[in-house]
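Here is a short tour for a reader who has not met this structure before. Keep the 3D view open and follow the residues as they are named.

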Amino acid sequence: MIKVIVFLLAAEGAEVFRATGERAAQAAREAFAGVAGYIQTRPIDTQPGDAPPPYNGVAELWFASADDAWGAMADSEALRPLLGDGVSIAAVVVGLERTVMRRPEHAHGSGIKGVYPFNRKPDMSVPDFQAYWWHNHGPIAARTEHALAYSPCHPVQDANAPVRSACDGVTESHWPNAADALAALSSRQMAEDHGGDAANIVDRGSVQLLLAEEEVVIAP
């Protein structure tokens, strides 16, 4: 399936998502033709470092049809009925999510998720970047300490796309809890193995990170 990732910014004190549960599922189906999955992601109170999170939530939609996915990207404002007052759409990415590692105990909607949007190095072609990420960097990142799952999302390259994806890649890593996530982020493996190899393909200044919890509204 094709995944549409919508990064959200909220005014101070605003609720990112207007509805939960079945109300949110019904609103998603009314807003987007052919939607096959929908997850609402909210930041947790604990974030790495002293800086506030780069965005306040993520809406993730899955489609079996590429046309439906492109339509959702072009008309991302159709998400408005699902969003709280004072929430704006910061960026949108359409891509193919490819699971590199998933432990049997991992289940969407539990634990902590790290979401990393980023860009490739400016001198690297998209095909070379995606191939290296999948074949070389992915297996290294999948060994992140305590991780339950690692899934890179590669933006779809389509010259006829109505809108260009806002970044060159989005990584998702899942951990059992916030303590394990923070321990992994400060580990030697992250700094040396993961970070050292990422330098081969990633524009380091573009990397952002949100630690979050998922609400599975429509299971993809």
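## A buried glutamine

Gln40 is buried, with a relative accessibility of 0%. The model is a predicted one. Gln40 sits in strand E2. Which residues does Gln40 touch, leaving aside its neighbours within four places in sequence? The list is Phe17, Ala19, Ala24, Val58, Leu82, Glu213, Glu214, Glu215 and Val217. Arg143 lies elsewhere along the chain, 103 residues from Gln40. The C-alpha atoms of Gln40 and Arg143 are separated by 26 Å.

## Two nonpolar cores

The largest nonpolar core has 31 residues. Val4, Leu8, Tyr38, Leu61 and Leu79 have the most contacts inside this core. Seen by element, two or more residues come from each of strand E1 (2–10), helix H1 (21–31), strand E2 (35–43), strand E3 (57–63), helix H2 (66–74), strand E4 (87–97) and strand E9 (210–218). Which of these elements gives the most to the core? E1 does, with 5 residues.

Take Leu61 as a worked case. Neighbours within four places in sequence are left aside here. Leu61 is then in contact with Ile2, Lys3, Val4, Val6, Phe32, Val35, Gly37, Tyr38 and Leu79. Apart from the largest core lies another one, of 21 residues. Its members include Met101, Ile112, Ala142 and Met190.

## Two helices side by side

Helix H3 covers residues 126–141, and helix H5 covers residues 188–198. The two pack at an angle of about 175°. Their axes are 9 Å apart. How do they run relative to each other, parallel or antiparallel? The angle makes H3 roughly antiparallel to H5, because angles over 145 degrees count that way.

Look next at the residues that meet. H3 brings Tyr132, Asn136, His137, Ile140 and Ala141. H5 brings Gln189, Asp193, His194, Asp197 and Ala198. Sorted by class, the contact of H3 with H5 has 4 nonpolar, 4 polar and 2 charged residues.

## Cysteines without a bond

A disulfide is a covalent bond between the sulfur atoms of two cysteines. How many disulfides does this structure hold? The number is 0. Cys153 shows why: its sulfur is 8.5 Å from the closest cysteine sulfur, in Cys167, and that is too far for a bond. The cut-off for a disulfide is within 2.5 Å. Cys167 is likewise in no disulfide, with the sulfur of Cys153 as its nearest cysteine sulfur. Cys153 is buried, at a relative accessible area of 1%. Cys167 is buried too, at 9%.

## Residues in the loops

Four loop residues are worth finding in the view. The table gives their places and their relative accessible areas.

| Residue | Loop | Relative accessible area | Class |
|---|---|---|---|
| Thr46 | between E2 and E3 | 37% | partly exposed |
| Pro104 | between E5 and E6 | 82% | exposed |
| Ala107 | between E5 and E6 | 34% | partly exposed |
| His146 | between H3 and E7 | 41% | partly exposed |

Start with Thr46. Ala178 is 132 residues from Thr46 in sequence. In space the two are 7.4 Å apart, C-alpha to C-alpha. Leaving aside its neighbours within four places in sequence, Thr46 is in contact with Leu182 and Leu211.

Pro104 gives another pair to trace. Pro104 and Val87 are 17 residues apart in sequence. From C-alpha to C-alpha, they are 36 Å apart in space. The loop that holds Pro104 runs between strand E5 (101–102) and strand E6 (112–118).

Ala107 is found in the loop between E5 and E6. Along the chain, Ala107 and Pro176 are 69 residues apart. Their C-alpha atoms are separated by 9.8 Å.

His146 closes the tour. The loop of His146 lies between H3 and strand E7 (149–155). What is the phi of His146 near? The value is near 70°, which is positive in a residue other than glycine. Most residues other than glycine have a negative phi.

Conventions:
Residues numbered from 1 in each chain as written. Predicted model: local features only at pLDDT ≥ 70, side-chain atom pairs only at ≥ 80, totals over all residues. Heavy atoms only, no water. Core = buried A, V, L, I, M, F, W, Y, C linked by side-chain atoms within 4.5 Å. Buried < 20%, exposed > 50% of the residue type's maximum accessible area, 1.4 Å probe, protein only. Helix = DSSP H or I, 4+ residues; strand = E, 2+ residues; numbered from the N terminus. Contact = heavy atoms within 4.5 Å. Axes fitted to C-alpha atoms, helices over the stretch in contact; angles between N-to-C directions. Parallel < 35°, antiparallel > 145°, perpendicular 65-115°, else oblique. Nonpolar A, V, L, I, M, F, W, Y, C, P; charged D, E, K, R; others polar.
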